[in-house]
Amino acid sequence: MTQQPIAVLGGGSFGTAIANLLAENGNAARLWMRDAEQAETMRRERQNPRYLKGIALHPGVEPTADLDATLQACELVFVALPSSALRKALAPVASTLGSKWLVSTTKGIEADGFRLMSDILQDIAPTARIGVLSGPNLAREVAEHALTASVIASEDDALCRRVQAVLHGRTFRVYASPDRFGVELGGALKNVYAIIAGMAAAMGMGENTKSMLITRALAEMTRFAVRLGANPVTFLGLAGVGDLIVTCTSPKSRNFQVGHALGEGLSLDQAVSRLGEVAEGVNTLKVLKCKAEEVQVYMPLVAGLHAILFEGRTLEQVIDRLMRAEPKTDVDFLSPDGFSFRAPLTKEGS
């Protein structure tokens, strides 16, 4: 048992799964949530009936609604709050966070300034040690002990080693990466493409079509990320292609579920309401489209999904337009001379 408990901020499905993992590995876990009634329900029922029904809460997990006490007791803090709530929830405790080891697990982008979640943490607590946990990590499967791998990304080697030590276990493997920006951006971008994949599945599109959408999504998101400074090799790993595959193929993915509901004919509001949880891809889409236009990166799938959700287009129209575009290179970062970071970023064809 570690001498000091570890905090998990956010009582959603993934926060609960991470808290259980920590406790199963012998750590005392403080699971903080904004809703005091939810915390009391979880203490009483020893499960999270709202977001992870049927999964027993480990005895080593203590649900709480007292943020100040949680942060006073813990040095290592996993942040699993929705992107829309993160800044507002943590800004009031900025002075306390400055000495902490903060690990973001939230996959989203703040519209104002195109800020990733670790950027927001750095804004709030400039002196904190910061990392990002990302990968193909569906919360329920993690909680049910399906074999899973994740990536802890930070330039801080000590932080990476510490996260590996507390999370790495019999069914959960943790790899390290120095590319915090690339890992975090991959986790945010894939949510957009999962919505498209869910729509395609609901409409009965073929396996070839699904494969084309996923691989062109990978090309598109990598092109965008490299334009902003990420390493393209990052997208060949768990936080890139790994997370993209699981999010675009699993009915357990929240963003896939929203897309599937849209493909069934529901409106966006109805699809989100039926889900009952935040689907980060919807929020990310608008921000991503604006940023792609600003930096002049060609992203036809992003533009197409935006047209479907907000401009009255259909998925068939978007795919038809994609098929009519002039075909160019398959992989942007290959050249006749071998590997290259230079790529045609604004070409009309994908």
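In what sense, and over how many bridges, do strands S7 and S10 pair? Strand S7 and strand S10 (residues 129–134) pair in the parallel sense over 4 bridges, where strands are DSSP runs of E with at least two residues, helices are runs of H or I with at least four, both numbered from the N terminus, and two strands pair if DSSP finds at least two bridges between them.

Before I go on, this is a predicted model, in which local features need pLDDT of at least 70 and side-chain atom pairs count only at pLDDT 80 or more, while totals for chains, interfaces and linings use all residues. Residues are numbered from 1 along each chain as its sequence is written, and side-chain values use heavy atoms, with hydrogens and water left out.

On its other pairing, S7 also joins strand S6 (residues 76–79), again in the parallel sense and over 4 bridges, with Leu76 having Trp101 as its bridge partner in S7. Towards S10, the bridge partner of Ser104 is Val132. Within S7 (residues 101–104), Trp101 and Val103 point one way and Leu102 and Ser104 the other, and all are buried, meaning under 20% relative accessible area with a 1.4 Å probe and protein chains only, where exposed is over 50% and partly exposed lies in between.

Ser104 and Val132 bring me to the cavities, since both are among the residues that line the largest one, together with others including Lys107, Glu184 and Gly187. A cavity here is a set of points on a 1 Å grid over the protein atoms alone where a 1.4 Å probe fits but cannot get out, and lining residues have an atom within 4 Å of a point. The largest cavity holds about 40 Å³ of space, a volume being the space filled by probe spheres set on the points, which are joined across faces, edges and corners. S10 and helix H9 (180–202) each supply at least two residues of that lining, which divides into 3 nonpolar, 5 polar and 2 charged residues; Ala, Val, Leu, Ile, Met, Phe, Trp, Tyr, Cys and Pro count as nonpolar, Asp, Glu, Lys and Arg as charged, and the others, Gly among them, as polar.

What is the make-up, by class, of the lining of the second largest cavity? That lining has 6 nonpolar, 1 polar and no charged residues, and helix H15 (300–310) and helix H16 (315–324) are the elements that give two or more of them, with H15 giving the most, 4 residues.

Finally, for the protein as a whole, there are 16 helices and 14 strands, and 55% of the 350 residues count as buried.

Terms used:
On a 1 Å grid over the protein atoms alone, a cavity is a set of points where a 1.4 Å probe fits but cannot get out, and a pocket is an open set with protein on both sides within 12 Å along at least five of seven lines; lining residues have an atom within 4 Å of a point.
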